[in-house]
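This report introduces a protein chain to a reader who has not met it before. The sequence and the structure are shown first.

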Amino acid sequence: MISFSVMAVVFGVIFLAELPDKTALAGLVLGTRYRASYVFVGVAAAFAVHVALAVAAGSVLTLLPQQLVHALTGVLFLGGAAVLLLKKAEEEEEVRKPKDQSFWKVSGAGFMLILVAEFGDLTQIMTANLAARYNDPLSVSLGAVLGLWAVAALGIVGGKALMKRVPLALITKIAAVLMIALGVWSLYEAVAA
């Protein structure tokens, strides 16, 4: 039986914790370049995997070596920034309607980015803690996954809306700078921990 009060509490906590996180940025970047529905499917599947792992493992996820998680995240963000900066400019029409971007390629890219970048993230650890606290895996799972999906959707839709008003080249440069900053910060956390 689902507890809507537990689900609502978990949704609120996870939504607020994830909103300022790198997921919104990743969704925004992917949403400006690819079909939003394809991106969302991949991102949503990755979050479902994360929630399942967090609920199943409980607080064991807090024991993972944070240095490794931070280092891998940092490298991924720096790699993503390099790809953004080195990719030759595309016409905006090609970006809005990519011809060679299949569902599996785009959703797979979104899935892998979120799967790796969010592993051991604060919201995954919080989900594990909430699952242990409430002892209601189904309600916690639903609340957490809906909260994460809401943040991802906001990032992806926000990316599409932003692209209509701001040139893609500027969005790409800003996103690359933010990804470099997040990458450097993650690597700093890996070394400082």
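The text below covers the overall fold, selected residues with their contacts along the chain, an internal cavity and a surface patch.

**Overall fold**

The structure is a predicted model. Its secondary structure consists of nine helices and zero strands, and along the sequence the pattern reads α-α-α-α-α-α-α-α-α. The chain has 193 residues, of which 41% count as buried.

**Residues paired across the sequence**

Several pairs of residues that are separated along the chain can be described by the distance between their C-alpha atoms. The table lists four of them.

| Residue pair | Separation along the chain | C-alpha distance |
|---|---|---|
| Glycine 143 and phenylalanine 11 | 132 residues | 4.3 Å |
| Glycine 110 and valine 43 | 67 residues | 5.1 Å |
| Leucine 25 and glycine 155 | 130 residues | 6.5 Å |
| Glutamine 67 and serine 186 | 119 residues | 9.0 Å |

Each pair may be placed in the fold through one of its members. Glycine 143 belongs to helix α8, which spans residues 137-165. Its relative accessible area is 1%, so glycine 143 is buried. The partner listed for glycine 143 is phenylalanine 11, whose C-alpha atom lies 4.3 Å from that of the glycine.

Glycine 110 is part of helix α6, formed by residues 103-117. With a relative accessible area of 0%, glycine 110 is likewise classed as buried, and its C-alpha atom is 5.1 Å from that of valine 43.

Leucine 25 sits in helix α2, residues 22-33. Is leucine 25 buried or exposed? The cut-off for a buried residue is under 20% relative accessible area; leucine 25 has a value of 15% and is therefore buried. The C-alpha atoms of leucine 25 and glycine 155 are 6.5 Å apart.

Glutamine 67 is located in helix α4. Partly exposed residues fall between the 20% limit for buried and the 50% limit for exposed, so glutamine 67, at 41% relative accessibility, counts as partly exposed. A distance of 9.0 Å separates its C-alpha atom from that of serine 186.

**The internal cavity**

Rolling a probe the size of a water molecule over the atoms reveals where empty space remains. In this model the count comes to one cavity of 30 Å³ or more. The volume of the largest cavity is about 40 Å³. Which residues line the largest cavity? The lining is made by Phe47, His50, Val51, Glu118, Thr123, Gln124, Thr127 and Leu148. Helices α3 (36-57) and α7 (122-134) are the elements that contribute two or more residues to this lining. Sorted by class, the lining comprises three nonpolar, four polar and one charged residues.

**The nonpolar surface patch**

On the surface, Leu85, Leu86, Ile180 and Val184 form a nonpolar patch of about 380 Å². Two helices, α4 (66-86) and α9 (168-192), each provide at least two residues of the patch. One of the patch residues, leucine 85, lies in helix α4, the helix that also contains glutamine 67. Why can leucine 85 belong to a surface patch? Patch residues need over 30% relative accessible area, and leucine 85 meets this requirement because its relative accessible area is 46%, which makes it partly exposed.

How values were computed
Residues are numbered from 1 along each chain as its sequence is written. This is a predicted model: local features need pLDDT of at least 70, side-chain atom pairs count only at pLDDT 80 or more; totals for chains, interfaces and linings use all residues. Side-chain values use heavy atoms; hydrogens and water are left out. Patches are made of residues with over 30% relative accessible area and no salt bridge: like charges are joined within 9 Å, nonpolar side chains (Val, Leu, Ile, Met, Phe, Trp, Tyr) within 5 Å. Accessible areas come from the Shrake-Rupley method with a 1.4 Å probe; for residues, only the protein chains shown count as cover. A salt bridge is a side-chain nitrogen of Lys or Arg within 4 Å of a carboxyl oxygen of Asp or Glu. Helices (H or I, at least four residues) and strands (E, at least two) are DSSP runs, numbered from the N terminus. Buried means under 20% relative accessible area, exposed over 50%, partly exposed in between (1.4 Å probe, protein chains only). On a 1 Å grid over the protein atoms alone, a cavity is a set of points where a 1.4 Å probe fits but cannot get out, and a pocket is an open set with protein on both sides within 12 Å along at least five of seven lines; lining residues have an atom within 4 Å of a point. Grid points are joined across faces, edges and corners, and a volume is the space filled by probe spheres set on the points. Ala, Val, Leu, Ile, Met, Phe, Trp, Tyr, Cys and Pro count as nonpolar, Asp, Glu, Lys and Arg as charged, and the others, Gly among them, as polar.
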